[in-house]
Amino acid sequence: MEQKTGHIDWYIMIPVAGLMLFSIAFVYSASAYVSSLKFGSAESLFLNHSTKVVIGLILIIIFAKIDYHFWFRHSKKILLLTVIPLFLVFFIGEDYGKGALRWIDLKIFNFQPSELAKWALILHIATLLTQKQKNIKTFQEGMLPVLIWTFVVVVMIALQPNFSNAFIIFLISMFMLFIGNSNLLHLGSIAFISFVGAALYAVSAQYRLQRIYSYIGRLIDDSVRTSEASSFQATQAIIAFGNGGVFGVGPGKSQQSHLFLPESYGDYIFSIIGEEYGFFGVAAILLVFIFIFWRGMIIARNAPDNYGYFLAIGIIVTLAIYVFVNTGVNAGILPATGVPLPLISYGGTAVFFYSMAIGILLNVSAQAGVYPHEE
């Protein structure tokens, strides 16, 4: 099928660009107080994030022009290259006070190897599922190659340690195997063994165990929120939503961002949006994400080949899971994970790679012929 390079799926581009541009205002409001204390300027973090958003929008357009079959031909080489920074992070990684070596300082911005590895793995799983469709029901030829690559990436990320991201990436891999028509008995067996292993790993460190205790305690008794130090973030996030009520306190008027809520412009920016814009604000954000998911599924369904289908599914599922986890943590229904809100949270590596992924999705759409006037 001839690629329609001039086509942009505005049903994806407009809501994605809208979230990214609005994130500039959200980040400024959530970071101004902290930025002024740390850097002597309320605009420092705001300008940094604004620059990354602009670069991200450019990356969307660039990657939308690249034939998505390019990733089919080169996904293995790309994934192999990601192993290098995943390995290097143990030696030259930076610890920014979170007790984990997850970033490499590139001077211009902090590079998070796990973000590259996540998307490289998705690209290659889509390739393997396409190549192995005739033997996908067999374990050795159909499922094992995907499991080997998933195991390598997940283990290296878990050892940083970054258990939450490792676990989510594993879930994405399992979901893609399910969509790829893998043997359900094999898939269920691997999922069970992996979940047992993940549970043992989760309780092997005191801080992870404390998070679990605090989470269970909050579910059983609401008063635990104020008695456990590890549940401080969850407490402050709930307070932020409570302050916001239905209509919010107004843009720039958040109190929780004044050092009450750690990571107010990162992992917990959704709570600040709830405080400033209220129920209607967070509902609007969630509706935009749901619209993007819906459109992404239409693109996947109409993809011209299996690779386009698996690729689109992988991108949309990844976006959906990370949105669900972040908003669930902010709302107190999931334990703290340290996962940012896609397209909105302050960041560098995540902004860039989500932008690249959206660009790839747009290219699948261009070749699928999924146009607004055809719906």
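Here is a walk through one helix, the core it helps to build, and a pocket elsewhere in the chain. Keep in mind that what you're looking at is a predicted model.

Let's start with helix α12, which covers residues 306-330. How far apart should the ends of this helix be? Count 1.5 Å a residue and its 25 residues should span 36 Å; the C-alpha atoms at the two ends are indeed 36 Å apart, so the expected span and the model agree. Now check how much of α12 is hidden: 21 of its 25 residues are buried, so the helix is mostly covered, with buried meaning under 20% relative accessible area. Just past the helix you'll meet Gly 332, which takes a positive phi of about 85°.

Next, have a look at what surrounds α12. The largest nonpolar core holds 104 residues, and the ones touching the most other members are Phe 289, Leu 311 and Ile 344. The largest share of this core, 14 residues, is supplied by α12. Try zooming in on Leu 311: if you skip its neighbours within four places in sequence, Leu 311 is in contact with Tyr 68, Leu 123, Ala 126, Ile 360 and Val 364.

Now over to the second largest pocket, with a volume of about 480 Å³. Which helices help to line this pocket? At least two lining residues come from each of α5 (139-158), α6 (163-179) and α7 (184-202). The lining has 19 residues in total, and Phe 151, Val 154, Val 155, Phe 170 and Ser 194 are the ones that lie nearest the centre of the pocket. Sort the lining by class and you get 16 nonpolar residues, 3 polar ones and no charged ones.

Note on methods
Residues numbered from 1 in each chain as written. Predicted model: local features only at pLDDT ≥ 70, side-chain atom pairs only at ≥ 80, totals over all residues. Heavy atoms only, no water. Helix = DSSP H or I, 4+ residues; strand = E, 2+ residues; numbered from the N terminus. Expected span 1.5 Å × (residues − 1). Buried < 20%, exposed > 50% of the residue type's maximum accessible area, 1.4 Å probe, protein only. 1 Å grid on protein atoms, 1.4 Å probe; cavity = no way out; pocket = protein on both sides within 12 Å on 5 of 7 lines; lining within 4 Å. Points joined across faces, edges and corners; volume = space filled by probe spheres on them. Nonpolar A, V, L, I, M, F, W, Y, C, P; charged D, E, K, R; others polar. Core = buried A, V, L, I, M, F, W, Y, C linked by side-chain atoms within 4.5 Å. Contact = heavy atoms within 4.5 Å.
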